[in-house]
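Q: I am new to this structure and would like a close look at a single part of it. Could you walk me through the largest pocket?

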Amino acid sequence: MEAFTTHTGRAVPLRRSNVDTDQIIPAHWLKKVTRDGFEDGLFEAWRKDSEFVLNRPERQGATVLVAGPDFGTGSSREHAVWALQNYGFQAVISSRFADIFRGNSLKNGLLTVVLPQETVDALWELTEADPTAEVTVDLERRKVLAAGIDADFELDENARWRLLNGLDDISLTLQNEADIAAYEAARPSFKPRTITV
Amino acid sequence: MGRTLAEKVWDDHVVRRAEGEPDLLFIDLHLLHEVTSPQAFDGLRQNGRQVRRLDLTIATEDHNTPTLDIDKPIADPVSRAQLETLRKNCAEFGVRLHPLGDVEQGVVHVVGPQLGLTQPGTTVVCGDSHTSTHGAFGALAFGIGTSQVEHVLATQTLPLARPKTMAITVDGELPEDVTAKDLILAIIAKIGTGGGQGYILEYRGSAIEKLSMEARMTICNMSIEAGARAGMIAPDETTFAYLEGRAHAPEGEDWDAAVAYWKTLRSDEDAVFDAEVVIDAATLAPFVTWGTNPGQGAPLSANVPDPASYEDASERLAAEKALEYMGLTAGQPLRDIKVDTVFVGSCTNGRIEDLRNAADLLQGRKVADGVRMLVVPGSVRVALQAVEEGLDKVFKEAGAEWRHAGCSMCLGMNPDQLAPGERSASTSNRNFEGRQGKGGRTHLVSPQVAAATAVLGHLASPADLSDAATPAGV
């Protein structure tokens with residue numbers, strides 16, 4: 001995973017709540033067997049409308065998505081995170097994320113930042129009024145900064161440490177091999193098995 | 001202090017606990033399918049890793065599989081390639097696979113329970129958000145992303161922060177024609193699509209205890225639509241009776257030891273939940289969705305709501321956008337909404353009891369002119385059981401299409417899709433924009449409402465059928 005320390009970029013204000021992962025990347029894109037090439041599928045249905053915010057010329061090259069509450073609900077598809085990253089987003093800000101999407105994003109180095117809705121409203125107003133306004137997401141200081149906005153955000157220390165260092169979860173877990181083996185040795189015999197080995 | 005069911009199962013799976021770190025949890029059962037696993041197997045290959053516990057891993061094909069002409073090569077080359085990738089990966093790593101055409105093939109969340117692999121007190125994961133289904137057995141079961149699929153394949157564990165717990169207590173009697181589906185849709189409408197976010201739900205109370213395993217699975221299945229990764233129901237005699245004798249259920253002394261353990265899996269009297277919701281079953285009625293998220297639902301007897309009636313600005317905007325997408329007008333009676341397609345199936349309502357409930361109402365009746373009805377059993381085993389009971393004949397004689405097992409029109413990854421503007425009554429779990437096909441409009445319903453709707457051509461409850469003409473030969 002790529003490390004995330006701090007990022008500054010222009011924003012896309014997405015005034016929608018309950019943006020489900022079917023909207024972020026429709027199911028027919030899920031037939032691909034790679035982690036890349038999903039950028040054209042991002043918000044595919046909405047992008048057919050030339051007025052959709054992502055299609056506006058002034059939003060090209062923006063890297064921070066500012067969305068309404070309950071972003072990433074629905075399907076567990078990690079493709080939603082890949083699509084956002086493939087398109088160029090580095091961070092998503094919302095007042096509430098769905099659990100699975102949040103977990104997926106942090107495993108891929110896409111920083112999902114939870115801020116109060118009032119701050120999201122302020123970011124919407126700022127970036128709608130001035131599309132060139134820059135937003136900084138600083139993971140080291142756990143802050144979102146923009147003109148007139150200085151907001152602290154929370155992220156548990158362990159997740160932050162893994163993101164700041166771009167650490168691979170599997171390698172970290174495998175350092176606990178002895179604990180896993182000890183647990184396995186003590187499992188009751190009635191637990192189900194799919195095959196006899 | 002006492003512990004909740006979720007806390008007991010969680011604690012029993014902690015491999016490692018350290019200050020400032022998420023718990024490392026052992027995973028008892030890992031279910032795989034073709035859509036969310038290819039990149040995980042690639043990751044194993046790139047890092048020279050193996051599947052740690054092949055005996056706790058099983059795969060099936062469901063999301064992409066066609067429900068017609070399954071003996072012919074799959075027409076869509078991209079779908080075919082994805083299924084072939086799963087077959088290649090399972091062969092290379094040694095994973096047990098039930099491919100299309102196999103008697104144990106079907107929707108992954110129907111297959112696990114029917115094989116007896118889903119057991120109380122286990123941890124179950126799958127790269128699919130509806131893994132919450134398995135919580136009906138008192139398992140801690142949740143959907144994971146592809147990075148976590150790779151993590152479980154490589155380590156049989158997951159590092160996870162423990163969620164909070166929420167009790168959803170449903171006491172009293174469900175009225176006639178009110179099903180588990182109506183109950184869960186009403187719960188989601190009450191707490192919202194984000195209401196369960198950060199929680200493991202436990203459904204409890206006398207109304208839940210009376211439910212069959214199939215009905216309990218319907219409820220736990222849609223925990224994710226309430227924002228919760230997992231939903232659970234304490235195992236009881238209904239659970240044990242369902243499991244006894246199944247292919248992978250414990251036997252002999254193991255059975256006795258298992259049941260003794262399973263009986264301990266109840267929330268203690270003095271356990272404290274972080275939140276509680278109480279629902280009186282007697283107040284419920286057949287429930288349908290009108291919008292584009294599963295929380296946008298109402299009793300069938302109600303009217304399409306007026307967005308202006310919402311105080312919250314974001315809910316009001318969401319309702320406006322939903323009505324526009326759904327082609328509905330505020331104040332229109334839900335019962336007047338005409339449908340083009342009726343879909344019975346999915347991991348929510350594709351089990352034998354669901355098919356029986358739909359068939360009971362279709363017996364001696366006909367699907368309305370101009371309505372297409374698809375019945376897609378959740379698994380090959382469900383299909384075989386339905387055929388044995390003659391349900392397939394009931395469906396076909398009524399004018400419905402009897403299809404092969406799979407996820408089908410729940411998400412339209414195979415050819416079973418809605419055309420733009422087409423409207424469905426669907427027993428599945430998601431009414432998102434375009435979920436069942438680009439531009440398609442979905443109303444989530446129970447199998448009973450689906451059957452009544454198919455006959456009358458508009459959203460309808462079973463009671464509406466008895467008000468209409470008496471069926472022929474009854």
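A: Happy to! Keep in mind that this is a predicted model. The largest pocket holds about 1,000 Å³ of space. Around that space, 35 residues form the lining. If you want a place to start looking, try the residues that lie nearest the centre of the pocket: Asp99(A), Arg102(A) and Asp156(A) from chain A, with Ala161(B) and Arg229(B) from chain B.

Next, the helices and strands around it. In chain A, α4 (99–108) and α6 (157–165) each supply at least two residues of the lining. In chain B, the elements that each supply at least two lining residues are the strands β7 (140–143), β8 (157–160) and β10 (199–204). Among the contributors, α4(A) gives the most, with five residues.

What about the chemical character of the lining? Sorted by class, the lining of the largest pocket has 17 nonpolar residues, 12 charged ones and six polar ones.

For context, you can also find the second largest pocket, with about 660 Å³ of space. Its lining has 29 residues, and those nearest its centre are Gln23(A), Glu44(A), Ala45(A), Trp46(A) and Glu433(B). Here α2(A) gives the most to the lining, with three residues. By class, the lining of this second largest pocket has 10 nonpolar, seven polar and 12 charged residues.

Terms used
Residues are numbered from 1 along each chain as its sequence is written. Chains are lettered from A and ligands numbered from 1 in the order in which they are written. This is a predicted model: local features need pLDDT of at least 70, side-chain atom pairs count only at pLDDT 80 or more; totals for chains, interfaces and linings use all residues. Side-chain values use heavy atoms; hydrogens and water are left out. On a 1 Å grid over the protein atoms alone, a cavity is a set of points where a 1.4 Å probe fits but cannot get out, and a pocket is an open set with protein on both sides within 12 Å along at least five of seven lines; lining residues have an atom within 4 Å of a point. Grid points are joined across faces, edges and corners, and a volume is the space filled by probe spheres set on the points. Helices (H or I, at least four residues) and strands (E, at least two) are DSSP runs, numbered from the N terminus. Ala, Val, Leu, Ile, Met, Phe, Trp, Tyr, Cys and Pro count as nonpolar, Asp, Glu, Lys and Arg as charged, and the others, Gly among them, as polar.
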